[in-house]
Amino acid sequence: MQDTAWQASLILMSLVGLGFSYVAIQSGSRDEDYAPMQKRAYRLRLKLFWALILVFGPAMIYTLTDLPYAAALARSAQDTRTPQVIRATGHLWYWELSESHIDAGQPVEFQVSAADVNHGFGIYDPDMILVAQVQAMPGYVNTLRHTFEREGTYRILCLEYCGTVHHAMMTELTVARR
Ligand SMILES: [Cu+2]
């Protein structure tokens, strides 16, 4: 997944680079009047604007309705059992957990913070599906409650770009039944 993200970033960065190079090369020739060119550019900009709205607007609404948080929050709000507390701290570029073994079916409360810059605390299940996430912020503790029903190895990845080794900021949680 991280490799795919890296490759996609490389391709997109190359496209932007090509665009800039094209403009830089073209900027030498002055055989066209500025006013009609500006008019065409503004028309193109308007079309691109609406294309973005029409494509990404529905995509954003669709992906937001697919998020698991609301259901998970409602479940944990009803859970009156005392949770297992795990302190999690994000560092450049690793996670520090006070505990990495969790009992399946028991509520867990993560107390998430950061030692240096903002990080994103994202928990992925054994199929690499995001199950819960919260911001990891320096000087502030965010609590995240989750009950792991399924056994297996979960991964914690950083969801907030935090520098050159951000993609490798990963640790594991083991969920097992007692
Ligand atoms: Cu990061």
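**A friendly note on this predicted model**

1. Let's start with Arg145, which is partly exposed because its relative accessible area is 37%, where buried means under 20%, exposed over 50% and partly exposed in between (1.4 Å probe, protein chains only). This is a predicted model, in which local features need pLDDT of at least 70, side-chain atom pairs count only at pLDDT 80 or more, and totals for chains, interfaces and linings use all residues. Residues are numbered from 1 along each chain as its sequence is written, and side-chain values use heavy atoms, with hydrogens and water left out.

2. What does Arg145 pair with? Its side chain meets that of Glu109 in a salt bridge, 3.1 Å from N to O; the term means a side-chain nitrogen of Lys or Arg within 4 Å of a carboxyl oxygen of Asp or Glu. The pair links distant parts of the chain, with Glu109 in strand β4 and Arg145 in strand β7, 36 residues apart. Strands (E, at least two residues) and helices (H or I, at least four) are DSSP runs numbered from the N terminus. Glu109 is buried, as its relative accessible area is 12%.

3. Arg145 also helps to line the largest cavity, together with Ser76, Asp79, Pro107, Val108, His146 and Thr147. A cavity is a set of points, on a 1 Å grid over the protein atoms alone, where a 1.4 Å probe fits but cannot get out, and lining residues have an atom within 4 Å of a point. The volume of the largest cavity is about 40 Å³. Strand β7 gives the largest share of the lining, 3 residues.

4. Asp79, one of those lining residues, has a salt bridge of its own: the closest N and O atoms between Asp79 and Arg81 are 2.8 Å apart. Is Asp79 buried or exposed? Asp79 counts as buried, at 17% relative accessibility, whereas Arg81 is partly exposed at 37%.

5. Elsewhere, Glu172 and Arg155 meet in a salt bridge of 3.5 Å, N to O. This pair joins strand β9 (residues 170-176), home of Glu172, to strand β8 (residues 152-158), home of Arg155, across 17 residues. Asp125, Asp127 and Arg150 are linked in a network of salt bridges, and the count for the model comes to 5 salt bridges.

6. Finally, do look at helix α2 (residues 34-65), where Trp50 lies. Trp50 counts as partly exposed, at 48% relative accessibility. At the far end of another comparison, Thr143 and Lys47 are 96 residues apart in sequence and 44 Å apart in space, C-alpha to C-alpha.

Notes: 1 Å grid on protein atoms, 1.4 Å probe; cavity = no way out; pocket = protein on both sides within 12 Å on 5 of 7 lines; lining within 4 Å. Points joined across faces, edges and corners; volume = space filled by probe spheres on them.
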